[in-house]
Each structure stands twice: as structure tokens, then as C-alpha cells.
Protein chains: 2
Amino acid sequence: MIDYHTLFTITYGMYIIGAGDRDHGNGFISNTVFQLTSEPPRFAASCNKDNYTGSLIEKHQHFSVSVLHQKAQTDILGTFGFKSGRDLNKLEGRNVKYGISGSPIILDDSIAYLECQVVEKIDMGTHWLFIGDLIDAQLLNSTEEAMSYAYYHQIKKGKAPKNAPTFIAKEKLVQTKETGDKAIYECSVCGDIYDNNQEDILFEDLPEDWTCPVCGAEKENFIKINN
Amino acid sequence: MIDYHTLFTITYGMYIIGAGDRDHGNGFISNTVFQLTSEPPRFAASCNKDNYTGSLIEKHQHFSVSVLHQKAQTDILGTFGFKSGRDLNKLEGRNVKYGISGSPIILDDSIAYLECQVVEKIDMGTHWLFIGDLIDAQLLNSTEEAMSYAYYHQIKKGKAPKNAPTFIAKEKLVQTKETGDKAIYECSVCGDIYDNNQEDILFEDLPEDWTCPVCGAEKENFIKINN
């Protein structure tokens, strides 16, 4: 039997995949970026077929990878991870550079970036796997450490959006979930859980200007989900 | 211009990909294992075409992923990472379990394992990208942390073998390499560098029973490579 908790032992980084141009650019948070070959330096990135950035990659045949560091702000993770570029311009107000491919690179909270030219698009069911050859790569900041997906989960208390390759439905994990008598709240924007049984401060005692550690939603967006 | 140091900011874990059966089983160290889709849970693993384990995956259409922890021993990393199953039986003397697919799972120094049934094999030039659907996944040890590729590099002083997707030839990194006047030694087995300019103890002062931190080769296998 598959124990879905096992999937949290697979190590990933945290990136913003960017695509498009100065007129229509977008990006989304991804943890599935990886090198496939050394000669040529070739990378793969998995992207949900519903993803707006995916349609921009298809159109322009390029994508950028901005490598996020551990101090990346909740606002960046919330906007690029849980909102759609169809509803808002995610790049507005950001420190953005347009690379040699034209793709937007998010300089805020990044330690490095890559740019790739698409050489293949592989159908993986719910997702496209974009294969790209490296055309540029630069370091931006050598003082911060790359954020790992485990860090995002454990320290930032982050979740995977529903369309991520590594999303795990709650019911798949519930079999071994520790339960308690105290109230459990869920963020109605991103699904983040605040469980009074596992926190030092009760949700009710959090200040009114407290915001969701994952997506930045206000406290009033949390709904109690147990009795 | 591509700065190859950038590639070290991409985050990976450290795994043993296993394949074969009780009669002919093998495994190799990989850092490129990742989830592609959530429904179904589908994974990808990159494997050099010359790799013996790759031929076993092709034959049996299954592979296992043993997730290594931070305290994984040099001996495991050296044998599975830098030796070929064509020359020795890597599984001999190991704590091995044969999974529901028949693939060998290396229990020594692992915190979890996955088993996948191959659904596609994609040609990536020097490497095959094996796509597999998850058929089993179990946690083995919840006290140790997964080893990241960065940890292997920085703490274990590990290198990528020449046939790894993330191998970077030394001449690609040399442009920004810090140099010094002291002797630099290279392991003739795995290519690990011991640079007196960057170490607290001179190579010459290391005890005679010191071994290569990457592959376990004896001190006498190190050769001075500068003047």
C-alpha cells in the first residue's frame, strides 16, 4: 500500500518558472525543476496543463527559472503559487529582469536564475513536461541559501497548490494524522491548516493583523473545519 | 554567458535507483528523481544510457527509489555512485529487500522507498528519462533527514560521477575558481579534490588510514595535480 507521507522525503527546491515577454509575462511557483543531461545542459520543468504560464511557454518556446532563497517572502509565495496570471498581473511592482530569451526573471528573493529554450514538450496526463536547453544562467546572491520544498513545508508551513505535481489530497494523508480536541482552521484561499493541537498559540489568540503564512490571506479568511 | 556555478543552486535529494531481481539486481546513486503528476502519482528518473541499472529497468520495466539520509555512509555512496554493477555485485553484504515489483530496495541508510512501474522511456540524448507510476511507497525511518545534493556536496564533499545528469566538467567551473599556492590532490578513483588552500589540515598531514570522503578510496589513490 502506498503511504503518501513517503512523498515528502523526496527533495526539491522552490522556483518561479517565468514565461512570456514585456507585454504579457507571468510566472508560477514550481518545485519540479531538474537537470536531465550534462551535455548539453538540459533541464525539465513540469507544468499543469491549465496553467497560464504553460500557455506562454508554448507560445514563446522559452522559460526562465528564478531560484528562490529561504527568506523569500510570503507575498511572493502566495501570489506566484496560489493566484492565476489570468486574474492579475503578478509581475506588477516586482523587480523583474527580461532575460536574453525575453522571459521575465523575478529578481526579488532569488539567488540565481536559468533560462532555457524549449526543445520538447511531453504529455504527462494532467501536466506538460517541458524540456529545455540552457541558454543562460547567472548567480544573483551568494549569501542566502536555496529554499527547499521541505523548508517550505516545515518552516514556512507551506502547502502545494491543487495543480502542483506534488499535491497530495488531505484524505490520502488522514490515515495517520494525529488528532486532538482543539479547533482546526483552514485558509479558504490556499487550504493552509492552522491546528490549535499543534501550535503554541491558539488561533483565537493570534493578533487581528496576522496573515496566512502561505498565501498572505487575512485572518478572517480562515474557517473552523472541525467541531 | 552560462555561469555553471548556478547549477549548484538547483535542489535535489540523493537516492539509490534499484532494478532487476534476486538473480541480477543492481542500483546506482541518482539525484534526479521527481514527481511529475499527482493523479496518478507519477515519477521520473534520469539514467545514463551506459548505466547497467538502466538496462535492468528496460528488461524488468520497474525501478525502486531508496531515499538516502544524511548519515549515509561513504561506502554506500562510493559503491553505488562510482562503481559499476558490471564489475561487482553491489548488493552483496547489503540489507536488501525485494519489493512488490521484484526490484531490490537498499534498506541501509534509507529513510523511505518508492517503487514504480515504467510507463514510458524518453530519449534525452546521453540519458534515458524513465517515467514510472507509483505502485508502492513506505517510510522506513522517521528520525533521520533526507540527504540533499547540496549536503552531499558541501558537507560530504561529494562529487557527481561523469555520467550523472548534473556532472560539471572542471574546466567549466575554473573561470571563477579561487587559486592558491598550496598543493592540490585529486582522487584517481572518483575525481574528488583535496585542496590544501581550502582545508584546515594539509593533505600530507592526514593519517595514513584516511580515505576519500566521496568514494572511500585509500589515501595513496590521491595524485598531486598542480605544481
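Which residues touch the most other members of the largest nonpolar core? The legends below start there. This is a predicted model, where local features need pLDDT of at least 70, side-chain atom pairs count only at pLDDT 80 or more, and totals for chains, interfaces and linings use all residues. Residues are numbered from 1 along each chain as its sequence is written, while chains are lettered from A and ligands numbered from 1 in the order in which they are written.

**View 1. The largest nonpolar core and its best-connected members.** A:Ile17, A:Val67, A:Phe130, B:Ile17, B:Val67 and B:Phe130 touch the most other members of this 107-residue core. A core here is a set of buried Ala, Val, Leu, Ile, Met, Phe, Trp, Tyr and Cys residues joined through C-beta atoms within 7 Å; buried means 20 or more other C-beta atoms within 10 Å of the residue's own, with C-beta atoms placed from the backbone. Zoom in on B:Val67: leaving out neighbours within four places in sequence, its contacts (C-beta atoms, placed from the backbone, within 7 Å) include A:Thr9, A:Ile10, B:Tyr15 and B:Ile111.

**View 2. Where chain B touches chain A.** Chain B brings 42 residues to the contact and chain A brings 41. On chain B's side, β9(B) gives the most, with seven residues. That side has 22 nonpolar residues (Ala, Val, Leu, Ile, Met, Phe, Trp, Tyr, Cys and Pro), 16 polar ones and four charged ones (Asp, Glu, Lys and Arg), with the others, Gly among them, counted as polar. Since 98% of chain B's interface residues are also interface residues in chain A, the copies meet through the same surface.

**View 3. The rotation linking the two copies.** Turn chain B by 180 degrees, with 0.0 Å of shift along the axis, and it superposes on chain A with RMSD 0.1 Å (least squares on C-alpha atoms of residues with pLDDT of at least 70 in both). The copies are thus related as by a two-fold rotation axis. In chain B, the C-alpha nearest that axis belongs to B:Tyr12, 2.7 Å away.

**View 4. Helix α2 of chain B under cover.** Seven of the nine residues of α2(B), residues 74-82, are buried, among them B:Ile76, B:Leu77, B:Phe80 and B:Phe82. Strands β1 and β2 of chain B are included in what covers them. Helices (H or I, at least four residues) and strands (E, at least two) are DSSP runs, numbered from the N terminus.

**View 5. An open sheet in chain A.** Three strands line up as β11-β10-β12, with antiparallel pairing (strands pair if DSSP finds at least two bridges between them).

Definitions and conventions. Buried ≥ 20, exposed ≤ 12 C-beta atoms within 10 Å, placed from the backbone. Contact = placed C-beta atoms within 7 Å.
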